[in-house]
Amino acid sequence: MKRKNAISAALAVAMLTAAILPGCSSGGDSGVTEIEILQYKPEAAAYFDQVEEEFNASHDDIHLTISSPNDASTIMRTRFVREDYPDIIGIGGDINYSYYVDADILADISDYQGLSDIKQSYLDILEALEITPEDGIYGVPYVANAAGILYNKDMFEEYGWEIPETWGELIQLCEDIQAEGILPFYFGFRDTWTCLAPWNSLAVGLAPSDTCQQVNAGETTFTEEYRETAEKCLELVSYGPDDPFAYGYNDACTAFANGESAMYPIGSYAVPQILSVNPEMNIDSFVTPGNDDASKNTLNSGVDLMFAVTAACEHKDAAYEVLDFLLEDENIQAYIDDQNAVPCKEGDFELAPMLDGMKPFIEAGNMTDYQDHYYPSEMAVDAQIQTFLINGDVDAFLAKFDKDWTRYNRDIIRAVQEYNEEHGTAE
């Protein structure tokens, strides 16, 4: 039995604040098992509609329903508090997953055979998200995304610019690009969430991957671990527009698509938006080189979509059969093609060409999760980074980060430190 702690109570309170919405009940007719998936990516609704149709056409004993609502996370929390659980949920590998594991909402699926085909690096990422170590496995990583620096491949070839592998080479590249009268970077920092893209892709190489866990355990501070990330993020901004906060995400995608900058520090998820403006654009990407030691470079990649069976699911074998279908190579490839994603399953999949520069890291399993997957939404770290990038005060930013972390994570900090004391791992 997993130990309950204050986080479960906090999650319950958060759920109770949501509006009560009508939910679906799982039931079947004449021996047909009903399985419901509630997944959080409405942009992939067409893909899931096709999956649902094909699964039901090929199965007589199981009927699958997949819902892809616009506000799936709120609907999930509402249904959880009403104890109206879907059989399977599709969510991202972030702090919400951490809360759901801690609250005993998800089933241990260690016995699911399909896990043997999942890349260990992504299983490790999910395990690291647990607030305190748990026995078992609670999610099947499906697809990931990747963040770094997108670049205009034709422009790079025209000017003979080389892909940088160190921080010094990146800064020199920016100087060379400026010397040609071209803007090195475009940013969309008017939309605060875009501030997290360069932040995360620098932090994975400059701060320990378990920084948040170490802070929770009282072993370090963000002031100590995030200073270099903050300083280098601020330096990158100096190679962007005069006012990078005047432009939003769509503006930045459009400007990059129109050749107004050579590079754009953002995730692979931005490519469809860019290509909608300029379908002929030749885009590639590279890992953000935050260090002066290229061997320390790592791909910023996290679980963008995972499937978890809820503890309330009464038909686990049928749920596993649905997971088997989702994990068939042709279905994963269809998702990759539709959403520009990175597969979490081992196999010979064809990735989008704009991920060519990241393939060596993907193939080697050299990837590190987004730091912001550990940040509570209430802390609004994206807005804090935006404010810092505007005023440039590194010390004030880091001090506030540490102060707010204690404020918004006191229950998690208490749970971690109690766990460490109980298991003899506290300092």
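Here are some questions and answers about a pocket, a helix, a loop residue and a sheet in this predicted model.

Me: Which residues come closest to the centre of the second largest pocket?
Reply: This pocket has a volume of about 370 Å³. Its lining is made up of 24 residues, and the closest to the centre are Glu130, Ile131, Thr132, Gln213 and Val416.

Me: Which helices each supply at least two residues of that pocket's lining?
Reply: Gln213 and Val416 are among the residues closest to the centre. Their numbers fall within two of the helices on the list, 211-216 and 410-422. The full set with at least two lining residues each is α4, α5, α9 and α19.

Me: How many of the lining residues are charged?
Reply: Sorted by class, the lining of the second largest pocket has 12 nonpolar residues and 9 polar ones. The charged residues in that lining number 3.

Me: What do the buried residues of α17 pack against?
Reply: Helix α17 covers residues 381-391, and its buried residues are Val381, Asp382, Gln384, Ile385, Gln386, Phe388 and Leu389. In general, an α-helix has 3.6 residues a turn, so residues three or four places apart point the same way. The buried residues of α17 pack against α8, α11 and α18.

Me: What is phi near for Gly392?
Reply: Gly392 follows helix α17. Its phi is positive, near 75°.

Me: Is Ser268 buried or exposed?
Reply: Ser268 sits in the loop between β7 and α13. Leaving aside neighbours within four places in sequence, Ser268 is in contact with Asn145, Ala146, Asn340 and Leu355. Buried means under 20% relative accessible area. Ser268 has a relative accessible area of 4%, so call it buried.

Me: Which strands stand at the edges of the open sheet?
Reply: The sheet has 4 strands in the order β6-β7-β5-β8, with mixed pairing. An edge strand here has a single partner, so one side of it is left without a neighbour in the sheet. That puts β6 and β8 at the edges.

Me: What does the twist average from one strand to the next in this open sheet?
Reply: The order to follow is β6-β7-β5-β8. Going from one strand to the next, the twist averages 25°.

Me: Which residue in β7 stands opposite Phe185?
Reply: Strands β6 and β7 run parallel and are joined by 2 bridges. Opposite Phe185, in β7, stands Met263.

Me: Which helix packs on the sheet, touching β5, β6, β7 and β8?
Reply: The helix in question spans residues 167-179. Its direction makes about 150° with that of β6. This is α7.

Key: Residues are numbered from 1 along each chain as its sequence is written. This is a predicted model: local features need pLDDT of at least 70, side-chain atom pairs count only at pLDDT 80 or more; totals for chains, interfaces and linings use all residues. Side-chain values use heavy atoms; hydrogens and water are left out. On a 1 Å grid over the protein atoms alone, a cavity is a set of points where a 1.4 Å probe fits but cannot get out, and a pocket is an open set with protein on both sides within 12 Å along at least five of seven lines; lining residues have an atom within 4 Å of a point. Grid points are joined across faces, edges and corners, and a volume is the space filled by probe spheres set on the points. Ala, Val, Leu, Ile, Met, Phe, Trp, Tyr, Cys and Pro count as nonpolar, Asp, Glu, Lys and Arg as charged, and the others, Gly among them, as polar. Buried means under 20% relative accessible area, exposed over 50%, partly exposed in between (1.4 Å probe, protein chains only). Contact means heavy atoms within 4.5 Å. Two strands pair if DSSP finds at least two bridges between them. Axes are lines fitted to C-alpha atoms, for helices over the stretch in contact, and angles run from 0 to 180 degrees between N-to-C directions.
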